Amino acid sequence: MDATLKRQVFDTAPVPPRDRFGAWLDMLAATPALMRIRTEHADDFVARAEFLDLGPIQLVRHRYPSLDGIRTRKLIQRSEADYYLLALTLTGTGIADQDGQRGVCRPGDFTFYDCARPQELSHHGDDNRRESVSSIVAFVPYDALPLPNRRLAPLFAGRMSGTEGIGALLSNYLIQLTGNPEQYHAVDAERLGGVGLDLLSTMLGRHLVSVDAVPTEVRRRALLAQVRAHIRQHLGDAALTPQLIAEAHHISVRSLHRLFETEETTVAAYIRDQRLERCRRDLTDLALRDLPVQAIAARWGFRDKAHFSRAFRAAHEATPQAYRAQHLERARIVNTPASLVNPEPTY
């Protein structure tokens with residue numbers, strides 16, 4: 001008799017409660033989904049993962065308490081990154097963020113990530129935060145899909161329906177296969193993986209057709225918004241350059257500069273102006289009055305004190321110290337009771 005498909009199960013239930021969350025993190029560290037996880041249930045993290053290898057792809061059916069996760073560049077460097085991740089929400093609400101795009105996924109919705117790019121996610125129960133949530137994840141190597149990475153970028157962290165059309169076929173396939181692997185022969189694993197890839201490729205292709213139907217100018221404005229959001233999120237990184245920004249969005253530096261041509265500014269000027277505005281705001285914040293000027297400058301990516309002082313003076317016609325003193329004095333007067341500013345005469 002032919003052997004049936006076997007799943008590998010990782011379950012924290014047999015582990016002492018205080019060690020369950022750590023065990024779960026160790027398990028994630030061995031997958032392309034290495035993330036920094038935050039949860040309210042770290043003291044008793046009851047979770048389960050069922051792994052199913054199908055040749056070119058790996059499926060994982062998860063059940064875990066509500067959590068939030070972030071995948072940073074440092075974590076990417078510590079794990080295999082040349083994978084896509086497709087996630088089907090089964091229960092709870094998932095929120096996906098990548099490259100300035102966000103998708104809110106209810107049960108029956110898909111989202112799609114690039115594991116080589118930073119990402120954020122949250123997955124919480126709708127009614128009871130103590131209630132477990134569940135999902136099915138597929139890890140897909142880059143070279144398993146016929147579509148180039150730059151072509152797929154508009155779909156990252158977006159929401160795709162798994163209740164209609166090709167999405168419904170793929171959703172039913174994943175649920176049936178991970179729920180009942182014993183109904184299938186082990187020798188058919190490669191073929192079953194191929195079926196899954198065909199369905200996934202078709203679904204992604206259908207959504208890309210929809211993206212292509214969007215007018216060019218609308219797509220340009222959307223990309224510009226993503227780039228601006230990326231810059232604002234990384235202003236504190238003194239090493240932020242047009243090259244790094246372009247790489248993060250899988251476009252050339254020339255295309256990045258062309259994106260800003262109609263904005264009456266340049267990429268470098270936009271970064272500088274955003275940093276100066278954050279510094280100006282902090283310099284006039286009473287709560288930060290004891291923070292040194294250079295610490296504020298460094299906080300927003302200015303390494304060189306003299307360069308920061310020149311740039312700030314050019315923008316605001318005053319040195320950072322003078323600007324701060326002037327505006328904090330105004331704020332002090334505004335927040336001082338009138339009776340102390342103009343005391344009643346005494347006789």
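Me: Asn149 is found in helix α3, residues 149–152. Why is Asn149 called buried?

Reply: This is a predicted model, and the label comes from a value computed on it. Asn149 has a relative accessible area of 15%. Buried means under 20%, so Asn149 counts as buried with its 15%.

Me: What makes the pairing of Asn149 and Arg117 a polar contact?

Reply: Distance is one part of the rule: the two N or O atoms must be within 3.5 Å. The side chains of Asn149 and Arg117 are 2.9 Å apart at this contact, which fits that cut-off. Asn149 also has other company: leaving aside neighbours within four places in sequence, Asn149 is in contact with residues including Tyr84, Asp114, Tyr142, Phe156 and His250.

Me: Why is the link between Arg117 and Asp99 called a salt bridge?

Reply: A salt bridge needs a side-chain nitrogen of Lys or Arg within 4 Å of a carboxyl oxygen of Asp or Glu. For Arg117 and Asp99 the N to O distance is 2.4 Å, so the pair qualifies. By this rule the count comes to 14 salt bridges in the model.

Me: What makes the Arg117 and Asp99 pair a tie between separate parts of the chain?

Reply: Look at where the partners sit. Arg117 is in the loop between β9 and β10, while Asp99 is in the loop between β7 and β8, so the bridge joins parts 18 residues apart in sequence. Both Arg117 and Asp99 are buried.

Me: How do you know that Arg159 and Asp109 form a salt bridge, and what does the pair tie together?

Reply: Their side chains meet at 3.0 Å, N to O, and the limit is 4 Å. Arg159 lies in the loop between α3 and β12 (160–161), and Asp109 lies in strand β9, so this bridge links parts that are 50 residues apart in sequence.

Me: Which of the labels buried, partly exposed and exposed do Arg159 and Asp109 get, and why?

Reply: Arg159 has a relative accessible area of 46%. Partly exposed covers the range between 20% and 50%, so Arg159 is partly exposed. Asp109 has 6% relative accessibility and therefore counts as buried, as the cut-off is under 20%.

Me: How far apart along helix α9 are Glu277 and Arg280, and why is their link a salt bridge?

Reply: The two residues are three apart in helix α9, which means a separation of about one helical turn. The closest N and O atoms of Glu277 and Arg280 are 2.9 Å apart, so the 4 Å rule is met. Glu277 is partly exposed at 35%, and Arg280 is partly exposed at 21%.

Me: Arg275 is also in helix α9 (residues 267–283). Why is no salt bridge counted for Arg275?

Reply: Arg275 is buried, and the nearest side chain of opposite charge, that of Asp237, is 6.1 Å away. A salt bridge must fall within 4 Å, so the pair does not qualify. What Arg275 does have is a polar side-chain atom 3.1 Å from the backbone oxygen of Trp300. Among the residues that Arg275 touches are Leu235, Ala238, Leu240, Gly301 and Phe302.

Me: Why is Glu264 called exposed, and what is notable about its phi?

Reply: Glu264 has a relative accessible area of 79%, and exposed means over 50%. Its phi is near 60 degrees, a positive value in a residue other than glycine. Glu264 sits in the loop between α8 (253–259) and α9.

Me: How do you know whether Glu317 is buried or exposed?

Reply: Glu317 has a relative accessible area of 75%, over the 50% mark, so the label is exposed. Glu317 lies in the loop between α11 (305–316) and α12 (320–334). Although Glu317 is not a glycine, its phi is positive, about 55 degrees.

Me: What makes a space in this model a cavity and not a pocket?

Reply: In a cavity a 1.4 Å probe fits but cannot get out, whereas a pocket is open. The structure holds two cavities of 30 Å³ or more. The largest cavity has a volume of about 420 Å³, and the residues closest to its centre include Met35, Tyr64 and Leu121. Strand β10 gives the largest share of its lining, four residues.

Technical notes:
Residues numbered from 1 in each chain as written. Predicted model: local features only at pLDDT ≥ 70, side-chain atom pairs only at ≥ 80, totals over all residues. Heavy atoms only, no water. Buried < 20%, exposed > 50% of the residue type's maximum accessible area, 1.4 Å probe, protein only. Lys, Arg positive; Asp, Glu negative; His and termini not counted. Polar contact = N/O pair within 3.5 Å; in protein donor to acceptor, adjacent residues only side chain to side chain. Contact = heavy atoms within 4.5 Å. 1 Å grid on protein atoms, 1.4 Å probe; cavity = no way out; pocket = protein on both sides within 12 Å on 5 of 7 lines; lining within 4 Å. Points joined across faces, edges and corners; volume = space filled by probe spheres on them.
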